[in-house]
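Student: I am new to this structure. Please take me through its pockets closely, one step at a time.

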Amino acid sequence: STERAHQHQHTNTCSNFHTIMLAVKNLTTAAARYAPTALVAVRVGAAAMPVTAPQSFAAAAIKSAASLARATPSTTTTTAVCTLRGFAASAGQSSVRRAFSAEAATATATAAKEAAPKAAESWWTSAKFWGGAGAAAAWGMTGSAIYDAFNAGPELISLNMTGVLIVYSSLFARWAWIVEPRNLALCVCHVSNVGAQLNQLRRAMEYKWNNGQEAEVKEMGTKSAGALAALGALVMAGPTLRNALSNAGLGPVSSFAASPAGPFTVHFWAPMSKWLISGASMMDLNRPTDKISLPQYSALTLTGLFFMRYSLLVTPVNYVLCSVNIALFGSSAWHLGRKVKADYIDKK
């Protein structure tokens, strides 16, 4: 009779094990794209688990099941978690039963809540709204370069500012592509600006070359090549430097290096390049109003306004971008106010 009891217990154990594995398989099918690491852990645990000890695997399985159910709320995942919860009710060990029941109940409630229809997103909390508004304002700078290409002579082009804008828009085009949610409108705007500024650079270089300034053009070409080579080397060495600093145990320095918006990411360097534009505006607060462009500073003021909010709604949240746009908004609004006062108020 003792042998029969052991056989009966072994049969029940195998049956419970197969029930767990079926539930986990359902979760695997439904959530493979959301949590591949957790699924690999479940599969490895299942392969290594003795068939006579399902409870040891069950505790790990329910945790993975709960997290997967939260990631993919659906009928399939909810049913699978309920199956595991049913096993918990019949488990022999009270500690496992309590763990199963608590985790499964939480997962089922969370899945049901996330599956419910969500309220409409407010414009104030919508990254797409603020990102779209920022992209529309950014076209002011791109449009200015395109307009100048048709209406302004090449002798008026500032090579220093043109170079800054090429770097600035290149970084922001990349940033707009990888940020969450992706901002295609902003990416297209900055790609267009890179093209427009490269055309301005070509016009300025041709003008200098045709007016006997070949030596200056060659010198600029050599310096540009050197800068690009140095930049390429830094980009190539970036991952190695980041890993070294992140694992060096230097406290805030290591944390900053490992941050998703840290100094080894475009999330950091894109807004840093914008400081070059904001800094120029802030250092020239007494600029004569007849040299202030009303359309240009209107676009810069709106860009700063929109991006102050937008930078706090994207992933990762970008406080550097927020700070530079606060500065840009303040300095540009100052110039814009002086221009409006001089042209439309004082003249009355």
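Student: Before the pockets, what percentage of contacts in the chain between residues at least 6 apart in sequence join residues at least 24 apart?

Tutor: The answer is 72%. Keep in mind that this model is predicted. Now the setting. The chain has 13 helices and 0 strands. From the N terminus on, every element listed is α. The chain holds 348 residues, and 34% of them count as buried. Its accessible surface comes to about 19,600 Å². Carbon and sulfur atoms account for 63% of that surface.

Now the largest pocket. Its volume is about 1,100 Å³. In total, 28 residues line this pocket. Nearest its centre lie Val 167, Leu 171, Ala 227, Leu 228 and Leu 231. Four elements each give two or more residues to the lining: α7 (159-178), α8 (184-210), α9 (214-246) and α11 (266-282). Of these, α9 gives the largest share, with 12 residues. By class, the lining has 20 nonpolar residues, 7 polar and 1 charged.

Next comes the second largest pocket. About 850 Å³ of space lies in it. Its lining counts 26 residues. Closest to the centre are Ser 144, Asp 148, Met 161, Leu 165 and Gln 296. Two or more lining residues come from each of α6 (127-151), α7, α8, α11 and α12 (294-310). Here α6 gives the most, with 5 residues. This lining divides into 13 nonpolar, 9 polar and 4 charged residues.

Compare the two lists of elements. Helices α7, α8 and α11 serve the largest pocket, and α7, α8 and α11 also serve the second largest pocket.

Last, look at the packing. The largest nonpolar core has 24 residues. The members that touch the most others are Phe 172, Trp 175, Leu 186, Phe 307, Tyr 310 and Leu 321. At least two core residues come from each of α6, α7, α8, α11, α12 and α13 (319-345). The largest share of this core, 6 residues, belongs to α6. So much for the core as a whole; now pick out one member. Leaving aside residues up to four places away in sequence, Leu 186 touches Ala 135, Ala 138, Trp 175, Ala 176 and Phe 307. Two of these partners, Trp 175 and Phe 307, are also on the list of core members with the most touches.

Note on methods: Residues are numbered from 1 along each chain as its sequence is written. This is a predicted model: local features need pLDDT of at least 70, side-chain atom pairs count only at pLDDT 80 or more; totals for chains, interfaces and linings use all residues. Side-chain values use heavy atoms; hydrogens and water are left out. Buried means under 20% relative accessible area, exposed over 50%, partly exposed in between (1.4 Å probe, protein chains only). Contact means heavy atoms within 4.5 Å. Accessible areas come from the Shrake-Rupley method with a 1.4 Å probe; for residues, only the protein chains shown count as cover. On a 1 Å grid over the protein atoms alone, a cavity is a set of points where a 1.4 Å probe fits but cannot get out, and a pocket is an open set with protein on both sides within 12 Å along at least five of seven lines; lining residues have an atom within 4 Å of a point. Grid points are joined across faces, edges and corners, and a volume is the space filled by probe spheres set on the points. Ala, Val, Leu, Ile, Met, Phe, Trp, Tyr, Cys and Pro count as nonpolar, Asp, Glu, Lys and Arg as charged, and the others, Gly among them, as polar. A nonpolar core is a set of buried Ala, Val, Leu, Ile, Met, Phe, Trp, Tyr and Cys residues joined through side-chain atoms within 4.5 Å.
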